[in-house]
Amino acid sequence: MQEKDHKVSNSHNYSIYILVWLALMILTTVTVAIAGMDIGRFTVATALVIASVKAFLVLSIFMHLRNEGKTFIIFVIVALFFLGISFILLFSDYSLQAGL
Amino acid sequence: MSSVAVATGSNGHEPSYLDYKGKHSGILGWILSTDHKRIGLLYLCALSVFFLVGVTFGFLMRLELISPGRTIMDPQTYNSIFTLHGVIMIFLFVVPGLPAVFGNFFLPILIGAKDVAFPRINLLSWYLYMLGGLLAVISILLPGGPADTGWTFYIPYAVRTNTNVMLALFAAFTLGFSSILTGLNFVTTVHRLRAPGMSWFKMPLSVWSLYATAWVQILATPIIGITLLLVAVERLLGVGIFDPALGGDPVLYQHLFWIYSHPAVYIMILPAMGVVSEIIPVFARRTIFGYKFIAFSSIAIALFGSLVWAHHMFTAGMSNTSQFLFSLLTMLVAIPSAIKVFNWIATLYKGSIELATPMLFVLAFIFLFSIGGLTGVMQGILSVDIQVHDTSFIVAHFHYVMFGGTGFGFFAAMHYWFPKMFGKMYNRKLAKVYFWLLFVGFNVLYFPMFIMGWLGMPRRYYDYLPEFHSYHFISTIGSWILVAGMILMVYNIFKSVLKGTIITDKNPWGGETLEWRIDTPPIHENFIEIPVVETDPYQYKMNEPDFKKVSDN
Amino acid sequence: MSTQEHTAAAHVHRDDVGSRMGMWLFLFTELLLFGGLFLLYSVYRFTYADQFHIAAKELNTIVGAFNTAVLLTSSLTMALSIVAIQRNQKLLSIVLQMITILLALFFMVNKYFEWTAKFHHGIYPGSEELLSRQPGEILFFGLYYVMTGLHGLHVLVGMVLIAVMARMTRQGTITHNNYVRLENTGLYWHLVDIIWIFLFPLFYLIT
């Protein structure tokens with residue numbers, strides 16, 4: 001079955017996955033370590049940034065998103081956009097409210 | 001015209017999809033069929049039943065409201081009836097409606113495919129639909145009585161009431177799942193199964209509409225899925241997520257509810273708009289004006305529609321800033337819809353108009369949807385909405401868009417595609433009679449609601465002040481005219497499916513899209529050979545100097 | 001533009017890209033299903049920041065981190081099982097799939113112990129102990145049980161799916177020429193992992 005938009009890559013290689021796994025483990029360790037430190041307001045932001053990096057690695061390598069082509073990537077962006085915009089607009093009600 | 005490189009001439013040997021004998025025969029051949037056309041008809045049968053039940057509940061509501069005080073039922077019954085009317089109409093008719101029936105039947109044909117991307121999942125969608133409907137019916141019959149919360153299941157009442165809310169929640173959840181599967185099927189189908197030569201901008205506009213709709217089905221529906229699940233969990237375990245006594249926020253429930261339910265109204269209207277874009281060129285004998293504008297506006301409606309949900313909550317207790325923001329965004333969402341209306345009218349201009357029944361319904365759509373849409377913009381204005389929220393004004397607005405819009409769009413599709421689906425023609429004279437009954441009845445029923453709502457008549461109220469009596473009276477009379485039209489329509493369609501004039505003409509209306517090139521009714525695999533598409537859709541021969549006949553090189 | 005293979009058999013054309021596309025679209029629904037819960041969490045977290053902080057102390061960061069490592073590793077073994085089948089290493093693929101299931105089981109067992117420990121301390125929805133606490137804490141645990149519970153349910157479903165895939169691989173239904181089912185199961189599994197990647201810091205690391 002010819003699939004123009006499925007680029008054949010080095011996906012038949014074990015090593016890239018093991019490397020990514022190592023990175024994920026390291027990032028997990030980092031995020032636990034940082035949680036122990038007191039950085040006040042940035043706690044959530046930092047944790048979420050690290051989680052996003054981990055998610056990105058899983059998405060692009062483990063889930064082969066980088067091999068799938070433009071259409072799939074646009075799909076993911078659209079889905080994340082919908083979730084993101086819901087967050088932002090929802091918070092227009094909660095962050096600016098004077099008390100609950 | 002959409003030229004076809006390979007002949008799809010009639011094949012006297014191949015049976016139509018109605019007579020096709022596959023792995024199973026008889027009734028099993030239908031309920032186990034993965035043929036998108038049969039599934040479309042399965043949906044049509046089920047949907048029609050639920051629609052008529054929903055109409056009946058509406059009819060009964062209007063009977064109760066014909067005069068103040070008790071007329072035919074007690075207040076508790078009234079609460080249950082308007083809840084059921086909403087749940088059935090929204091989740092079992094308007095949301096699934098056009099995609100499930102006409103999308104299923106025609107999307108593959110319109111793009112030159114033999115079926116959808118996942119035929120078995122398509123059948124699963126129908127089973128889930130039936131299960132959802134069954135759960136809803138059971139919720140009516142079991143002790144405890146049907147839910148009386150309104151179709152919106154607002155907290156805290158939805159947690160406290162002793163009626164069969166759990167069943168209703170699971171019914172809605174199941175129906176949502178059905179909707180999701182249809183959505184993902186359609187997106188994949190449009191991406192993967194278009195015939196050779198059919199680029200995105202050669203697709204019929206109803207396909208663009210169904211595509212945009214499918215995205216909303218995929219992305220928005222899970223939000224209500226989780227929300228309904230949380231209400232169920234709340235009823236069972238008292239977790240406190242929306243309970244103020246435990247720190248929860250009931251307004252947050254409303255946010256989550258409307259994050260789906262507003263985009264849901266675009267699931268409802270987009271396919272109907274697609275139908276309008278299909279029908280107008282045929283009966284105006286003109287190429288559609290502004291193809292790309294209409295195509296992109298479908299995407300824009302889906303996109304902007306996800307930004308405005310809290311305009312349902314202006315009086316719920318939101319922050320001022322949030323109210324302003326959502327009011328502003330609501331103004332935006334009207335723009336792509338207006339673009340469509342403009343392009344449709346421009347297509348009609350200097351066209352050669354034939355007022356066949358499908359065209360009548362489409363013209364009614366434009367009129368009724370415009371009223372509905374404009375009153376929607378009115379409601380988007382914060383100060384106006386504070387006045388009219390939860391009044392009959394809102395009820396009139398959404399019936400004009402959902403019924404005058406999607407409903408009439410559904411009827412238009414029915415009368416347009418009927419000959420292709422069944423190989424028969426309905427009584428066209430009778431159709432015009434009930435069209436007028438429907439149109440007049442509709443306006444007599446709903447227009448007074450604008451006025452009395454403006455004057456303060458609340459919605460979902462069982463009783464009312466004497467000053468509203470004449471409006472209610474007129475409205476109920478309108479419902480009788482409307483129902484008379486419905487009865488005639490159901491009779492005509494039903495009778496014609498069984499005993500209508502048989503036609504074999506592939507193209508009774510002179511349409512230019514692919515469904516009018518294949519057999520009437522279609523054979524099992526739609527096409528004898530997959531066509532190669534070379535030109536844009538809706539190309540009609542014209543003498544206009546600026547008319548360009550576009551063909552691929 | 002895709003071409004369609006028509007075979008004489010009743011079974012329709014095969015389109016692996018389309019199959020994966022459908023799976024991705026389904027995954028978006030899962031993303032948004034949990035997304036709704038994350039929306040809830042974020043609003044309540046913002047409103048009750050301090051009380052969430054207090055409640056989170058009851059959760060064991062080590063166990064949570066350990067479970068995170070377990071799930072990440074299971075994602076690795078899942079991804080590797082696909083490489084294995086691509087290289088026609090059938091046995092290795094099956095072994096890797098089974099290891100994935102075992103790791104998932106390990107995750108669930110940990111979860112079981114976490115939950116029962118909480119129940120033992122009287123912390124569960126509707127309990128007297130929980131209701132006596134501040135609203136933010138009640139909500140924290142409400143969300144904790146709902147979110148990790150729903151996640152756990154998805155882990156269980158994933159385990160069943162992978163078991164089915166392992167059987168299909170053994171039977172030869174999944175081969176080095178036809179493994180899109182395994183890929184799709186992998187996609188599902190990775191999403192379950194991604195959800196946990198976000199759940200972990202939000203519940204265990206806000207102390």
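Leaving aside neighbours within four places in sequence, Pro119(B) is in contact with Thr34(B) and His36(B). This contact, like everything described here, is taken from a predicted model. Pro119(B) belongs to helix α5 of chain B, which covers residues 119-141. Is Pro119(B) exposed or partly exposed? It has 18 C-beta neighbours inside 10 Å, and because a residue is buried only from 20 such neighbours and exposed at 12 or fewer, Pro119(B) counts as partly exposed. Met203(B) is 84 residues away from Pro119(B) along the chain, and the C-alpha atoms of the two are separated by 21 Å.

Chain B also meets chain C. In this contact, 31 residues of chain B face 29 residues of chain C. On the side of chain B, the elements that give two or more residues are α7 (165-192), α8 (205-237) and α9 (250-284). The most comes from α8(B), with nine residues. By class, this side of chain B is made up of 20 nonpolar, eight polar and three charged residues.

Chain A touches chain C as well, with 33 residues from chain A and 37 residues from chain C taking part. Here the elements of chain A that contribute two or more residues are α1 (15-36), α2 (42-62) and α4 (70-94). Of the side of chain A that touches chain C, α1(A) gives the most, namely nine residues. The residues on this side divide into 23 nonpolar, seven polar and three charged.

Within chain C, helix α1 runs over residues 16-47. Its 32 residues reach 46 Å from the first C-alpha to the last, close to the 46 Å expected at 1.5 Å a residue. Of these 32 residues, 25 are buried, so α1(C) is largely enclosed by the rest of the structure.

One partner of α1(C) is helix α7 of chain C, residues 180-204; the two pack at an angle of about 15°, with their axes 10 Å apart. That angle is under 35 degrees, so α1(C) is roughly parallel to α7(C). The crossing of the two helices is right-handed. On α1(C), the residues making the contact include Asp16(C), Arg20(C), Trp24(C), Leu31(C), Phe38(C) and Tyr41(C). On α7(C), they include Val180(C), Glu183(C), Tyr188(C), Ile195(C) and Leu202(C). By class, the contact of α1(C) with α7(C) has 14 nonpolar, two polar and four charged residues.

Technical notes
Residues are numbered from 1 along each chain as its sequence is written. Chains are lettered from A and ligands numbered from 1 in the order in which they are written. This is a predicted model: local features need pLDDT of at least 70, side-chain atom pairs count only at pLDDT 80 or more; totals for chains, interfaces and linings use all residues. Helices (H or I, at least four residues) and strands (E, at least two) are DSSP runs, numbered from the N terminus. The expected span of a helix is 1.5 Å times one less than its number of residues. Two residues are in contact if their C-beta atoms, placed from the backbone, lie within 7 Å. Ala, Val, Leu, Ile, Met, Phe, Trp, Tyr, Cys and Pro count as nonpolar, Asp, Glu, Lys and Arg as charged, and the others, Gly among them, as polar. Axes are lines fitted to C-alpha atoms, for helices over the stretch in contact, and angles run from 0 to 180 degrees between N-to-C directions. Angles under 35 degrees count as roughly parallel, over 145 as roughly antiparallel, 65 to 115 as roughly perpendicular and the rest as oblique. A crossing is left-handed if the near helix is turned anticlockwise from the far one by less than a right angle, and right-handed if clockwise.
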